[in-house]
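Here are my notes on the model you sent over. Have it open while you read, and take the points in any order you like.

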Amino acid sequence: MDIRIYVYHHADANINKNRYFEPIQGGRSIADTKFAGMIGDDTGDNISARNRDWGELTALYWIWKNTRHDYVGLNTEKSYLNFSEHGRQQISLLNKQMDFIDFCSQNIEERCSQHRFLTAPITKIHPPSAASDIQTFYENYCFEHDQQDLDLLLTLIKNEFAAYYETALITAHIDTRFHDENILMKRDVFDEYCTFVFSVLFAFEKVIDTSGRSPYQKKVFRFLYAFLSNVFLMKHFMHGSKEAFFQAGEIIVPKFAKQYSINAAICNPEPAKNPIAYGSTIHIAISFDDNYAEHALVALYSLLSNTQNGSHIHFHVLHDQRLSPANIHRTQQTFPGSKFSFYDVSADSFSNFLPHNRQHISRNTYYRLIMHEVLPADIKRLIYVDLDTIFCDDITLLWNMDLKGKILGGCMDEGGITHSRKLFGRNYNTNYINAGILVIDLAAAREKYGNLKFLYLESFVKNIKSITLQDQDIINIAFRDDIQILPLRWNAGGRLYSHNEQDVAYTDQEQDDAATNPAIVHFTGEAKPWVASCEHPLKELYFIYQARLREQAGG
């Protein structure tokens, strides 16, 4: 049996190939580079030149017009159909680089001999990273894209492809879909599928004007393909034989980072004497409890080891009853050269109204939302720092950053585009930041927004269904138009060093620069260096500073 699944690539990474899976470069006719080791979509009958707006559809068209396999389909470089016995209807993330392609191929011939449609699992529809916010296909499309496009497409189907209109209406208004457009079909069904998809899209192309749209929203043909694919499959699923369908599993293939190691220079800092801008004192807000006290002290020790301005730093510690007097005293005794102020915020109930949906995050994370009320009113500028961090450069340089009239400075998050789409849909931006390291113009914030607690609460209740990352989402909503992006090296998160299945706003070069020369290593996620299973390549930095701290303490 001749079975071929073409894997669409727009980058020459994560190339996997065997007798069933064949990589194909999309848009090769307009690409700057022809990827080695794979065919392109630019030979024979092709629409390769449409790739910028049509995405993997150019590969699908090429397969339709230029191949004659018994069973044929298309996957993307980010996800593969999985035909293994235990993978059925399961969506799994590949969390380390490994040869998985033969694993996916298990039982593929048997599955094809018994079924005509082999698809991804059927799943609920929701915005990116917001699984609890269930939507219909129509609601989801209108949230992320232009409602008029889907309305126009439905009208087109009604008038010119009436045999599909009933299914199209049902598909638009139910809350389930085939998870991806990853497909494998018997040849006659595949031909029918492509005839429907391209007939509709070519007709749609004649009546749509995409001029003036952003490059992302010009990909309307790609977005509508997801709908058309589901319409076709649902029509056969509902009105044909369900036994003809096999819902395979999927393996999601993230983007893997290159291998990094500890630079000797960051282990042995020799900080220069940097002048302090914006006054003579660097104000830093932090929060921790007894469970985090050891890690907090290591983070602070690394911070102070990388600056000559320790005597000009004032730490403001927001805490509740979970930080004992013994650890308060220990902190002050460990760093006598810096000033510490402690603020017991146990009586503040604001965090009680906010979600606690991530086990490795404590309520302390919300205390950054009440800093403006707790800290002295004469503090005009402030740095907030998470304490699952190790400093590798002088925090004075971060303090001196020009916010260019913005309220907040931060670094792009390691899932920034994904989370911005989750919160803002079609109006997403590239300014979604990680809230673990912030530079805040408190004076300007108070003047512009007045009661910041009201701003945060409004941001939460108006977007409650979309918020999954707690205070970080709230901060990004509240200051959406008031964020200055800082160099990524000042918040080098964990995914810079491992794998990332999310969409980011920073470039590969920016990632490599930050990972190679971090100013702050931020151990984001659950893989903390003190956890035995942590595989972060720079985790040893934590233990280096922990050992030095203990040596200083004489223990």
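1. First, a term I lean on throughout: buried means under 20% relative accessible area, exposed means over 50%, and partly exposed is anything in between (1.4 Å probe, protein chains only). With that in hand, R187 is buried, at 7% relative accessibility.

2. Some ground rules. This is a predicted model, so local features need pLDDT of at least 70 and side-chain atom pairs count only at pLDDT 80 or more, while totals for chains, interfaces and linings use all residues. Residues are numbered from 1 along each chain as its sequence is written, and side-chain values use heavy atoms, with hydrogens and water left out.

3. Back to R187, then. It forms a salt bridge with D191, the closest N and O atoms being 3.1 Å apart; the term stands for a side-chain nitrogen of Lys or Arg within 4 Å of a carboxyl oxygen of Asp or Glu. The two residues sit four apart in helix α8 (residues 187-205), so about one helical turn separates them. Helices here are DSSP runs (H or I, at least four residues), as are strands (E, at least two), numbered from the N terminus. D191 is buried as well, with a relative accessible area of 18%.

4. How many salt bridges does the structure hold? The count is 28. Another one worth a look pairs the side chains of E85 and R111, at 3.2 Å from N to O. E85 is in the loop between β5 (79-82) and β6 (91-93) and R111 is in helix α4 (residues 108-114), so this pair ties together parts that are 26 residues apart in sequence. The two ends have opposite settings: E85 is exposed at 52% relative accessible area, whereas R111 is buried at 8%.

5. A further salt bridge joins the side chains of R495 and E501, with 3.7 Å from N to O. Both partners are partly exposed: R495 has 26% relative accessibility and E501 has a relative accessible area of 34%.

6. Please also check the salt-bridge network that links E56, R177, E181 and R222. E181 is in the loop between β9 (176-178) and β10 (183-186). Is E181 buried or exposed? It is buried, with a relative accessible area of 7%. The side chains of E181 and R222 are joined by a polar contact of 3.0 Å. By polar contact I mean a pair of N or O atoms within 3.5 Å; within protein, one must be able to donate a hydrogen and the other to accept it, and residues adjacent in sequence count only if both atoms are side-chain atoms. Setting aside neighbours within four places in sequence, E181 is in contact (heavy atoms within 4.5 Å) with L74, R222, Y225, A226, S229 and N230.

7. On to the domains. The chain splits into domain 1 (3-252) and domain 2 (278-416 + 435-501 + 509-554), with bounds that come from an automatic or database domain assignment. Their C-alpha centres lie 41 Å apart. Nine residues of domain 1 are in contact with six residues of domain 2.

8. What do the two domains bury between them? About 540 Å², with 53% of it on carbon and sulfur atoms. Buried area is the accessible area (1.4 Å probe) that two parts lose on being put together, summed over both. On the domain 1 side, L93, N95 and D133 lose the most area to domain 2, together 51% of what that side buries.

9. Between the domains I find zero salt bridges and zero residue pairs in polar contact, counting pairs with both residues at pLDDT 80 or more. The side of domain 1 that touches domain 2 has four nonpolar, three polar and two charged residues. For those classes, Ala, Val, Leu, Ile, Met, Phe, Trp, Tyr, Cys and Pro count as nonpolar, Asp, Glu, Lys and Arg as charged, and the others, Gly among them, as polar.

10. Two backbone spots to inspect. N107 has a positive phi, near 70 degrees, in a residue other than glycine; it is placed in the loop between α3 (101-104) and α4 and is partly exposed at 26%. K404, also not a glycine, has a positive phi of about 50 degrees. K404 lies in the loop between α14 (395-399) and β19 (408-412) and is exposed, at 57% relative accessible area.
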